[in-house]
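Thanks for coming. I have one structure to go through, and I will keep to what can be read from the model itself.

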Amino acid sequence: MLLVALVAGVTTNAARRHETNLYRVWRGPLTIFFVGNIPVFLALHATGVGLAASFGVYVGGSLLGAGAMIAAHVVTQTRINLVHYAAVLDRHAHTDTLTGAFNRRQFNADTEQLPPSAFLLLLDIDHFKRINDTYGHDTGDQVLVAVARALREHARPADRVYRLGGEEFAVLLCPCEEAAAPVVASRLREGVEGSVASLAGLPSERITMSGGLVPLGADRRQALRRADALLYQAKRSGRNRVVHEGPGEVGRTLAPAT
């Protein structure tokens with residue numbers, strides 16, 4: 001048994017160095033048991049069992065042991081792969097595959113669970129079509145990835161960043177006090193303006209976002225519509241700004257500092 005353990009360790013390490021699975025390298029398990037069972041063969045023969053019988057037990061036991069080892073490895077590896085695939089599918093079901101931000105499905109689920117005191121920030125990249133037309137869609141994808149990264153880096157730990165589709169993003173601010181929400185929104189907008197062009201490999205460009213900020217309230221669909229209306233108000237007001245809706249306010253512009 002000690003010899004089997006030693007040979008198994010050496011063979012397994014060799015298989016790992018060659019980056020192969022043990023069950024694919026059939027020589028590994030065979031080597032382990034044919035070498036490890038040599039003392040069994042010698043012991044049987046030494047106690048008077050005939051050479052043919054001893055050899056038959058030796059070969060049969062080695063083959064059974066190797067087969068069991070391969071089967072156990074296959075079962076274990078299959079279970080590991082299934083768990084991995086399940087995790088990948090679950091991640092893809094809730095995240096945007098391009099940017100790594102949460103997707104619309106997760107956004108819809110989260111807005112139903114958050115308290116009314118949360119805030120919704122809806123953001124859209126300014127002149128994104130021009131970026132795609134000028135530099136191509138691959139560069140446009142790099143801009144989307146950079147925007148998601150900048151939003152995550154400048155958001156608070158409890159905030160969640162979503163890509164809703166195309167160049168449209170959302171950030172749920174929760175928990176967030178009424179006075180703090182505009183400050184966070186401005187920081188996110190400034191973070192995009194200050195870092196995305198460089199992150200996307202377009203240092204000569206100025207990439208900005210416009211947004212609408214509203215309290216989430218009890219009617220989540222209505223909040224999304226209000227945020228969308230304020231976003232377009234920000235676009236009409238000159239872009240690179242967030243229009244904020246507070247209690248009793250129709251919309252107050254949080255424009256960039258001049």
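I will start with the chain as a whole and then go through its cores, its salt bridges, a few loops and one patch on the surface.

First, a caution: this is a predicted model. The chain has 258 residues, and 40% of them count as buried. Its secondary structure comes to 9 helices and 6 strands. About 14,100 Å² of the chain is exposed, and 59% of that area is supplied by carbon and sulfur atoms. If you take the contacts with a separation of 6 or more, 67% are between residues 24 or more positions apart.

Now the inside. In soluble globular proteins, nonpolar side chains tend to be buried together. Here the largest nonpolar core has 33 residues, and I125 and V143 have the most contacts inside it. Which elements give two or more residues to this core? They are strands β1 (119-125), β3 (168-173) and β4 (209-215), together with helices α6 (128-135), α7 and α8 (180-199). There is also another core, lying apart from this one, with 17 residues; A223, A227, L230 and A234 are among them.

Look at I125 for a moment. Leaving out neighbours within four places in sequence, I125 is in contact with several residues, including V143, L144, V147, F169 and M209. Its contacts also include E167 and K235.

Next, salt bridges. The whole structure has 11 of them. I will show three.

The first joins the side chains of D110 and R160, at 2.6 Å from N to O. This pair links distant parts of the chain, with D110 in helix α5 (residues 104-113) and R160 in strand β2, 50 residues apart. D110 is buried, at a relative accessible area of 5%, while R160 counts as partly exposed at 29%.

The second is between K129 and D133, whose closest N and O atoms are 2.7 Å apart. These two are 4 residues apart in helix α6, so about one helical turn separates them. Both ends are on the outside: K129 is exposed at 60% relative accessibility, and D133 is exposed at 54%.

The third is between E193 and R206, with 3.0 Å between the closest N and O atoms. E193 is in helix α8 and R206 is in the loop between α8 and β4, 13 residues away. E193 is partly exposed, with a relative accessible area of 26%, and R206 is exposed, with 55%. The pair also belongs to a network of salt bridges that links R189, E190, E193 and R206.

E193 comes up again with N240. Where is N240 found? N240 is in the loop between α9 (220-236) and β5 (242-244). Is N240 buried or exposed? Its relative accessibility is 4%, so N240 counts as buried. The side chain of N240 makes a polar contact with the side chain of E193, at 3.3 Å. Apart from residues up to four places away in sequence, N240 touches R189, E193 and R206, among others. Those three are also part of the salt-bridge network.

In that loop between α9 and β5 there is also R239. R239 is not a glycine, yet its phi is positive, about 65°. H127, in the loop between β1 and α6, is another non-glycine residue with a positive phi, near 55°.

One more loop residue is D159, between α7 (137-154) and β2 (160-165). D159 is buried, with a relative accessible area of 9%. Its side chain makes a polar contact with the side chain of R156, at 2.7 Å. Beyond its neighbours within four places in sequence, D159 is in contact with V171, L172, L173, C174 and V184. C174 is worth a second look: a cis peptide bond joins C174 to P175, with omega at about -5°. P175 is in the loop between β3 and α8.

Last, the surface. V35, I38 and L42 form a nonpolar patch there, with about 230 Å² of accessible area together. L42 is in helix α3 (residues 38-46), and L42 is exposed, at 51% relative accessible area.

That is the tour; I will take questions now.

Note on methods:
Residues are numbered from 1 along each chain as its sequence is written. This is a predicted model: local features need pLDDT of at least 70, side-chain atom pairs count only at pLDDT 80 or more; totals for chains, interfaces and linings use all residues. Side-chain values use heavy atoms; hydrogens and water are left out. Patches are made of residues with over 30% relative accessible area and no salt bridge: like charges are joined within 9 Å, nonpolar side chains (Val, Leu, Ile, Met, Phe, Trp, Tyr) within 5 Å. Accessible areas come from the Shrake-Rupley method with a 1.4 Å probe; for residues, only the protein chains shown count as cover. A salt bridge is a side-chain nitrogen of Lys or Arg within 4 Å of a carboxyl oxygen of Asp or Glu. Buried means under 20% relative accessible area, exposed over 50%, partly exposed in between (1.4 Å probe, protein chains only). A polar contact is a pair of N or O atoms within 3.5 Å; within protein, one must be able to donate a hydrogen and the other to accept it, and residues adjacent in sequence count only if both atoms are side-chain atoms. Contact means heavy atoms within 4.5 Å. A nonpolar core is a set of buried Ala, Val, Leu, Ile, Met, Phe, Trp, Tyr and Cys residues joined through side-chain atoms within 4.5 Å.
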